[in-house]
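Hi there,

Here is the structure I promised to pass on. Have a look at it first, and then read my notes below.

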Amino acid sequence: MNDAQGIPVVVKAVEQVTPLIRHFTLGAVDGGPLPAFSGGSHIIVVMRAALRTHRNPYSLLSSPRRRDIYEIGVRRMEESRGGSHFMHDQVEVGSRLEIAHPVNLFGLDKIARKHVLIAGGIGITPFLAQLEDLHGGQVPYELHYSVRSPEHAAFLHRLQDREGGRLHVYFDSEGRSIDFDALLSAQPLGTHVYVCGPAGLIERVIATARGYGWPDSHLHWEQFSAPPVGEAFDVFLARAKLKVHVPPDRSLLESIEAAGVQAPYLCRGGVCGFCHTRVLELEGELLHNDHFLSDADKARGKSIMPCVSRARCTSLVLDL
Ligand code: FES
């Protein structure tokens, strides 16, 4: 995707739903319908600040049946390189933004016999849209929502009103946590589990499920990584014949874009694999931060995902 394919939107409502999370409602600038999407989809929000452009992925939490609005939840990240702070501090009702078409990397399995949804904190957002698809359907499901305390539990009232006994909430402040062994050891055959939230939660769910013999095809997770800050380095783009400087607080992909070169991407969070780029030469080491390449691929050093990964090097040449 690139910005030429973006959709201009206007902010219709902003609500602070927890001390750290803001809820934004977006509509098309021309008032027309927005593209259709399914539960679990995300959009890239393009934020043009004075000195730089941020492009961050956010899950859609509104009903897939509504084409007049999209809703997203944005958590203020302490270690943010600017995107979440921009959304919190500078975006208000009437602000104009640009978004990419929705992409679903976290869809519900169509032939699952049961769905077990596990959310940690802001990881609740993709499930809100998925629940719209599940509610009233034939396939049983349950949602387990783990969160720091009641005041940090975003969208809890929306869930309580509708989900009743299918919703299980665990507040750290009350010493409650999900018993993964009990939850994952006794599910009927054909159950799929979905998890979204902090890395530790995802690792725990995946490891526990595998320990009980769940096939990988029944395990689904989504975790967008934020590109980390790091040491500056230079990269040479072989096809563009261009040397690009990557500063400490800009990702490799952002630096390539700032130099005027279009590079492919879908998620910008190290998940989809769309930005996969061949490494032609390297003197130094690649600092992989994606969830896409296998450990073996990372060790080979022949590929990099520029949306989240960096390098510590004296020379790096990419096939771009
Ligand atoms: S854009 Fe999805 S992994 Fe880089």
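Let me start with a small puzzle: does Arg268 count as buried or exposed? Before the answer, some ground rules. This is a predicted model, so to speak: local features need pLDDT of at least 70, side-chain atom pairs count only at pLDDT 80 or more, and totals for chains, interfaces and linings use all residues. Residues are numbered from 1 along each chain as its sequence is written, and side-chain values use heavy atoms, with hydrogens and water left out.**Arg268 and Phe155**

Back to the puzzle: Arg268 has 5% relative accessibility, so Arg268 counts as buried (buried means under 20% relative accessible area, exposed over 50%, partly exposed in between, with a 1.4 Å probe and protein chains only). You will find Arg268 in the loop between α6 and β15. Helices (H or I, at least four residues) and strands (E, at least two) are DSSP runs, numbered from the N terminus. The charged end of Arg268 sits over the ring of Tyr265, 4.3 Å from the ring's centre. For that label, NZ of Lys or CZ of Arg has to be within 6 Å of the ring centre and within 35 degrees of the ring normal.

The backbone is worth a look too. Most residues other than glycine have a negative phi. Arg268 has a positive one, near 55 degrees. Phe155 also has a positive phi, near 65 degrees. Phe155 is located in the loop between β9 and α3, and with 8% relative accessibility Phe155 counts as buried.

**Strand β9 and its neighbours**

How many of the seven residues of strand β9 are buried? The answer is seven of the seven (residues 141–147), so β9 is largely enclosed by the rest of the structure. On one side the buried residues are Tyr141, Leu143, Tyr145 and Val147, and on the other they are Glu142, His144 and Ser146, which leaves both faces covered.

Now the pairing (two strands pair if DSSP finds at least two bridges between them). Strand β8 (residues 114–120) runs parallel to β9, and six bridges join them. Gly120 has Ser146 in β9 as its bridge partner. To get from β8 to β9, the chain passes through helix α2 (residues 125–134), and this β-α-β crossover is right-handed. Right-handed here means that, with the strands pointing away from the viewer, the path from the first strand over the helix to the second runs clockwise.

β9 also pairs in the parallel sense with strand β10 (residues 167–171), over five bridges. In β10, His168 stands opposite His144. The chain goes from β9 to β10 through helix α3 (residues 156–163), in a β-α-β crossover that is right-handed.

**Aromatic pairs**

There are three aromatic pairs in the structure. Rings of Phe, Tyr and Trp (its six-membered ring) pair if their centres lie within 6.5 Å; planes under 30 degrees apart count as stacked, over 60 as edge-to-face and the rest as tilted.

One of them is Phe37 with Tyr70, which is edge-to-face at 5.5 Å centre to centre and 90 degrees between the planes. Phe37 lies in the loop between β2 (21–28) and β3 (41–48), and Tyr70 in strand β5 (residues 70–75), so this pair ties together parts that are 33 residues apart in sequence. Both Phe37 and Tyr70 are buried.

Phe106 and Tyr194 make up another pair: their ring centres are 6.3 Å apart and their planes are at 80 degrees, so the pair is edge-to-face. This pair links distant parts of the chain, 88 residues apart, with Phe106 in the loop between β7 (103–104) and β8, and Tyr194 in strand β11 (residues 191–196). Phe106 and Tyr194 are both buried. Together with Phe127, Phe106 and Tyr194 form one aromatic cluster.

**A second sheet to find**

Try tracing the open sheet of five strands in the order β14-β13-β17-β15-β16, where the pairing is mixed. Its edge strands, which each pair on one side only, are β14 (242–246) and β16 (303–304). Strand β13 (residues 233–237) runs antiparallel to β14, with five bridges joining them. Leu237 stands opposite Leu242 in β14.

**One last residue**

Cys275 is in the loop between α6 (252–258) and β15 (277–287). At 3% relative accessibility, Cys275 counts as buried. Cys275 and Glu174 are 101 residues apart in sequence and 42 Å apart in space, C-alpha to C-alpha.

Happy exploring!
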